[in-house]
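Reader: Before I use this model, I want to see how its labels are justified. Can we go through them one by one?

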Amino acid sequence: MGKLQSKFRRRSDLYKAKEGAELAPVHQVVQYEPAHTDAINCVVSLTSDLCVSGGHDQAVVVYDWRAGKQCKSFQGHSREITKVKANSLIFSASRDKTVLMWDLGRDTEPVQEFCGHELVVNGVAVGPDGSKLCTGSRDNSMRLWDIESGECLQKNTISRNLSHKGQFFEIEVWDSRTWQVTNTFPAKQYIQTHCDISSNCYHLLSSSNGFGGQGCEATLWDLRQPGCKVAEYRGHLQTTACCVFVPPRPGCPALVASSSYDSSVKIWDQNTAACLYTLMLDGSGPLVSLAPCDSSSLLCASFNTGLHQLHLDQGAVPSLTEVARF
């Protein structure tokens with residue numbers, strides 16, 4: 001993690017060769033103070049300027065990515081962070097089998113703890129009214145919690161035919177009010193690693209584990225029709241760890257972004273499934289999480305080189321450029 005320790009600006013690939021031409025300068029990548037001291041597992045957007053991330057260093061970090069400075073670091077977990085969720089409060093799930101709740105406006109101690117899972121917690125979601133928390137674990141269970149009291153209100157054990165040791169091949173949609181399954185999509189060949197729902201709640205994205213180009217896809221599903229697959233986005237060579245809907249820009253086609261263990265981020269046309277741009281982040285290792293901040297900014301979490309700020313140009317030919325690392 002030596003690269004994460006630098007606090008100085010640096011140039012990334014100052015020159016690149018063009019065939020039959022002189023060396024031409026390319027853009028500068030700014031290196032800010034690192035957010036973490038080890039691999040990063042997850043990142044989400046908190047506000048237009050702030051993001052929240054968690055990693056192997058057991059820290060939950062709030063970072064001003066526009067200014068390039070850390071705002072707060074929360075310490076409380078005894079093992080690595082697997083997921084973070086942020087709205088008015090911040091929730092962090094961990095391999096220590098717990099979920100902790102943090103308040104950015106208070107001190108760095110957790111304000112609530114949710115305990116009860118028997119294995120690593122790898123999923124966390126907040127209910128629509130902000131009063132309930134849903135968590136999922138490798139122990140094949142989902143739990144519904146009262147956020148204010150920390151009490152477990154309900155526990156559901158996931159059917160064994162959907163999973164193998166807590167690894168899921170099938171996507172289920174649950175109603176947070178009735179705590180019942182409302183939609184199930186056909187099982188995929190490989191473990192599903194991530195899912196995202198469009199802002200209009202019409203579509204769902206899921207991404208797949210895989211090897212050597214087998215699997216490794218992202219899939220678009222129609223939430224309005226049971227089991228309806230709309231498109232697949234294929235092109236990554238290793239596990240597609242994350243897939244997200246890109247915030248739309250008027251007059252531009254709907255876009256999807258994906259990141260992979262093959263150190264690439266891809267931009268796709270949501271409707272045609274055409275790959276419009278691929279950005280390689282050489283040396284970054286697995287790219288495990290994406291956080292859209294607005295229609296032109298994406299944050300990407302990596303194992304080796306910290307957090308990456310990416311600029312998305314949604315022009316006639318979309319392009320993706322690395323702007324900063326931290």
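**Labels and their grounds**

Author: β14 and β15 form a hairpin with five residues between them. G150 in the turn has a positive phi of about 80°. Strands here are DSSP runs (E, at least two residues), numbered from the N terminus. This is a predicted model: local features need pLDDT of at least 70, side-chain atom pairs count only at pLDDT 80 or more, and totals for chains, interfaces and linings use all residues. Residues are numbered from 1 along each chain as its sequence is written, and side-chain values use heavy atoms, leaving out hydrogens and water.

Reader: What makes β14 and β15 a pair?

Author: Pairing requires that DSSP finds at least two bridges between two strands. Five bridges join β14 (residues 141–146) to β15 (residues 152–157), so they pair. The two run antiparallel, and S141 stands opposite T157 in β15.

Reader: How do you know which residues the "repeat: WD" annotation covers?

Author: From the unreviewed UniProt entry: residues 74–104, 114–155 and 233–278. Such annotations may be inferred rather than shown by experiment. In the model, residues 74–104 are 0% helix and 58% strand, with end C-alpha atoms 9 Å apart.

Reader: Why is the set with V43 and C51 called a nonpolar core?

Author: The term means buried Ala, Val, Leu, Ile, Met, Phe, Trp, Tyr and Cys residues (under 20% relative accessible area, 1.4 Å probe, protein chains only) joined through side-chain atoms within 4.5 Å. The largest such core has 19 residues; V43, C51, Y63, L299, L307 and F326 are those with the most contacts inside it. β4, β6, β30 and β31 each supply at least two residues of this core.

Technical notes:
Helices (H or I, at least four residues) and strands (E, at least two) are DSSP runs, numbered from the N terminus. Buried means under 20% relative accessible area, exposed over 50%, partly exposed in between (1.4 Å probe, protein chains only).
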